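Below are some notes on the structure, set out point by point. Please read them with the model open beside you.

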Amino acid sequence: MKVTVCRQTHFNAAHRLYNPEWDDSVNQKVFGICSSPNFHGHNYNLIVKVKGEVDDKTGYVIDMKVLKDIVEKKIIEKLDHKNLNLDVEEFKNLNPTAENIAIIIWRILRMKIDHKFDLTVVLYETERNFVEYSGE
Ligand code: NI
């Protein structure tokens, strides 16, 4: 029997959507106010989903405290109160859209979470806009 356990957390970060191959007017046309040169912030909500067999002895899929600690240390400490474009190595040459942020978060967590588990990252950029990535 497989169960999905989920850990929800959040972080605040600034970004600017920008493609350096385009001039400012094209960036403005494609990304609108999200391309404003002086950055803007979001309160990101992050849900990490870990799916696996329920262990006979513990009744757990994964110890929630272990999952919490991985997410806090590897993701929240890295992204919270940062300017994603300027402060986070992964976005030096990668547009920090919700899609790309979710992919980066997934890749980091995938290295820390046992491969016997399926891993999904859901990232809310606003209350109504969110993306989901499962590594495909
Ligand atoms: Ni934005």
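1. Overall layout. Read along the sequence, the chain runs β-α-β-α-β-α-α-β-β. That pattern comprises four helices and five strands. Please keep in mind throughout that this is a predicted model. The C-alpha trace spans about 60 × 25 × 25 Å along its principal axes. The chain has 136 residues, and 40% of them are buried.

2. The sheet. In what order do the five strands of the open sheet lie? The order is S3-S1-S2-S4-S5, and the pairing is mixed. Strand S3 (82-83) and S5 are the edge strands, each pairing on one side only. As general background, the strands of a sheet pair through backbone hydrogen bonds, in either a parallel or an antiparallel way.

3. Strands S1 and S2. Strand S1 covers residues 2-15 and strand S2 covers residues 40-53; the two pair in the antiparallel sense over 14 bridges. To find this pairing in the model, look at Asn12, which stands opposite Asn43 in S2.

4. From S2 to S4 and S5. Strand S2 also pairs with strand S4 (residues 118-124), in the antiparallel sense and over seven bridges. Here Asn45 stands opposite Tyr124 in S4. S4 in turn pairs with S5, again in the antiparallel sense, over four bridges. Leu123 has Val131 in S5 as its bridge partner.

5. The nonpolar core. The largest nonpolar core holds 33 residues, of which Phe11, Ile105, Leu109 and Leu123 touch the most other members. Two or more residues each come from S1, S2, helix H2 (64-79), helix H4 (98-110), S4 and strand S5 (130-133). H4 gives the largest share, eight residues. In general, nonpolar side chains of soluble globular proteins tend to be buried together. Leu123 is worth a second look: this residue is among those with the most contacts to other core members, and Leu123 is also bridged to Val131 in the sheet.

6. The nickel site. Which protein residues are the donors of the nickel ion? They are His15, His40 and His42, each through its NE2 atom, at 2.0 to 2.1 Å from the ion. Along the chain the donors follow the spacing H-x24-H-x1-H. The site can be placed on the sheet as well: S1 covers residues 2-15 and S2 covers residues 40-53. His42 has a relative accessible area of 13%, so it counts as buried, the limit being under 20%.

7. A nonpolar patch on the surface. Trp22, Val26 and Val30 make a nonpolar surface patch of about 230 Å². Val30 is located in helix H1 (residues 24-31). Is Val30 buried or partly exposed? Its relative accessible area is 47%, so Val30 is partly exposed.

8. A salt bridge within one helix. The structure holds three salt bridges. One of them joins Lys65 to Asp69, with the closest N and O atoms 3.0 Å apart. Both residues lie in helix H2, four residues apart, which is about one turn of the helix. Lys65 counts as exposed at 54% relative accessibility, whereas Asp69 is partly exposed at 29%.

9. A salt bridge between a loop and a helix. Glu90 pairs with Lys78, and the closest N and O atoms are 3.0 Å apart. Glu90 lies in the loop between helix H3 (84-87) and H4, while Lys78 is in helix H2, so the pair ties together parts that are twelve residues apart in sequence. Glu90 is partly exposed at 28% relative accessibility, and Lys78 is partly exposed at 27%.

10. The remaining salt bridge. Glu89 forms a salt bridge with Lys92, the closest N and O atoms being 3.6 Å apart. Glu89 has a relative accessible area of 57%, so this residue is exposed. Lys92, at 43%, counts as partly exposed.

Key
Residues numbered from 1 in each chain as written. Predicted model: local features only at pLDDT ≥ 70, side-chain atom pairs only at ≥ 80, totals over all residues. Heavy atoms only, no water. Donors = N, O, S within 2.8 Å, 3.2 Å for Na, K, Ca; no water. Buried < 20%, exposed > 50% of the residue type's maximum accessible area, 1.4 Å probe, protein only. Patch = residues over 30% accessible without salt bridge, like charges linked within 9 Å, V, L, I, M, F, W, Y side chains within 5 Å. Areas by Shrake-Rupley, 256 points an atom, 1.4 Å probe, with all protein chains shown as cover. Salt bridge = Lys/Arg side-chain N within 4 Å of Asp/Glu carboxyl O. Pairing = 2+ DSSP bridges. Core = buried A, V, L, I, M, F, W, Y, C linked by side-chain atoms within 4.5 Å.
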